[in-house]
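Open the model in your viewer and keep the ligand and the protein as separate selections. The tour starts at the ligand, moves to a pocket, and ends at some backbone details.

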Amino acid sequence: MNMDDFNQPQAQAAQWLRTSQRIVAFTGAGISAESGIPTFRDSDGFWREFPPEQFAHWRGLIRTAFTNPVRLAAFVRAVIEPLSVARPNDGHLALRKLEQHRKLIVVTQNIDGLHQTAGNGCVLEVHGSLSEITSLSGKRRRILTTAQIAHITRRLHRIQRRPFALSRLLLAIRPMLGAGLRGMWRPNVVLFGEGLAEPAWSNAVTAVENCDCLLTIGTSGLVYPAAMLPAKAEASGAKVIHIDPTEGGTGLWLRGNAGAVLPPLIHAAFEADINGVN
Ligand code: APR
């Protein structure tokens with residue numbers, strides 16, 4: 001496919017990428033949608049079934065544990081089950097290909113680890129990572145394996161009615177959340193009201209302030225402070241390209257799914273490099 005096959009916005013985006021040296025890809029839940037992980041705010045989104053006021057901060061989770069442990073078991077299962085089977089899609093793989101042509105930093109709001117699995121080398125997880133288990137002091141960390149996630153999911157599936165539901169839930173999720181002789185451990189994810197993951201957030205702000213071009217991919221841009229990154233990039237003189245099925249505000253928008261838009265865009269932007277012709 002060459003530039004003539006593209007409509008104007010896509011040809012412009014390819015040219016911006018081609019003439020940039022330092023690129024940031026700022027991703028949200030939308031880039032993982034084609035890997036089977038629900039987004040949060042789409043019509044079939046996660047927060048429709050599990051309202052954030054009940055499930056997105058510790059206060060609500062603790063209250064639900066005591067008032068409706070079966071529902072909490074369903075929530076934890078809905079969060080972790082897709083992660084145990086999700087694989088990178090064409091959108092993730094296109095960003096790995098982009099990194100073969102330009103310096104790329106991926107700043108993601110996602111906690112699914114799919115950018116790292118796809119092979120990107122610099123991924124800043126500003127909302128943390130579900131598979132990273134950390135002590136409350138943050139000094140000790142370990143990785144929750146997909147086998148452990150699958151095992152936890154199987155045990156959560158069996159918690160369908162009340163008797164002893166809370167104790168069975170706590171036993172099931174113990175590999176990811178619990179307390180022992182050496183203190184508490186929890187998934188290293190950022191819940192509402194918590195500070196963003198450091199040093200990922202500070203590094204993301206620096207990356208955005210020093211890039212030539214920022215791609216926003218699959219994010220509603222509603223959750224701050226992460227949502228301020230595109231404006232910060234623009235204020236620093238970077239070009240901003242938005243990729244999303246639903247068009248938002250000002251700027252250059254490529255409408256469509258990440259897995260459909262990114263591969264031809266990256267190919268067109270750098271095909272001359274592949275053929276050795278500039
Ligand atoms: N390709 C690209 N974009 C897509 C796709 C797709 N296949 N499918 C959906 N989208 C877009 C939607 O149009 C929407 O703009 O992805 C975006 C998803 O928005 P949200 O569900 O709000 O997800 P996100 O922007 O990542 O949310 C940010 O909010 O609840 C918190 O911590 C949570 O990290 C999350 C943050």
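How far from an oxygen atom of the ligand does a polar side-chain atom of Ser220 lie? Select both: the distance in this predicted model is 2.6 Å.

**Stop 1: the ligand**

Keep the ligand on screen and add Asp244, where a polar side-chain atom is 2.7 Å from a ligand oxygen. Then add Thr246, whose side chain places an N or O atom 3.2 Å from an oxygen atom of the ligand. The protein buries 93% of the 730 Å² that the ligand exposes when taken alone.

Now widen the selection to the 22 residues around the ligand; those that come nearest are Phe40, Arg41, Thr219, Ser220 and Asp244. Coloured by class, this shell shows eight nonpolar, 10 polar and four charged residues.

Next, colour by domain: domain 1 is 1–35 + 88–127 + 196–278, and domain 2 is 38–85 + 134–189. The ligand lies between the two domains, because both give residues to the shell around it.

**Stop 2: the second largest pocket**

Hide the ligand shell and go to the second largest pocket, which holds about 300 Å³ of space. To centre the view, select Asp112, Gly113, Thr117, Ser131 and Thr146, the closest to the pocket centre of its 19 lining residues. Show α7 (114–118), β4 (128–135) and α8 (146–157) as cartoon; these are the elements that give two or more residues to the lining.

Which element gives the most to this lining? Strand β4 does, with four residues. By class, the lining of the second largest pocket is made up of eight nonpolar, seven polar and four charged residues.

With the domain colours still on, look at which side each lining residue comes from. Domain 1 and domain 2 both contribute to the lining of the second largest pocket, so this pocket lies between them.

**Stop 3: backbone details**

Select Glu198 and Pro199: the peptide bond from one to the other is cis, with omega near 5°. Pro199 sits in the loop that runs between β7 (183–189) and α10 (200–209).

Move on to Tyr224 and Pro225, which are also joined by a cis peptide bond, with omega about 5°. Pro225 is in the loop between β8 (213–217) and α11 (229–235).

Finish at Phe164, in the loop between α8 and α9 (165–172). What is phi of Phe164? The angle is near 60°, a positive value in a residue other than glycine.

Technical notes. Residues numbered from 1 in each chain as written. Predicted model: local features only at pLDDT ≥ 70, side-chain atom pairs only at ≥ 80, totals over all residues. Heavy atoms only, no water. 1 Å grid on protein atoms, 1.4 Å probe; cavity = no way out; pocket = protein on both sides within 12 Å on 5 of 7 lines; lining within 4 Å. Points joined across faces, edges and corners; volume = space filled by probe spheres on them. Nonpolar A, V, L, I, M, F, W, Y, C, P; charged D, E, K, R; others polar. Domains from an automatic or database assignment. Near = heavy atom within 4 Å. Polar contact = N/O pair within 3.5 Å; in protein donor to acceptor, adjacent residues only side chain to side chain. Areas by Shrake-Rupley, 256 points an atom, 1.4 Å probe, with all protein chains shown as cover.
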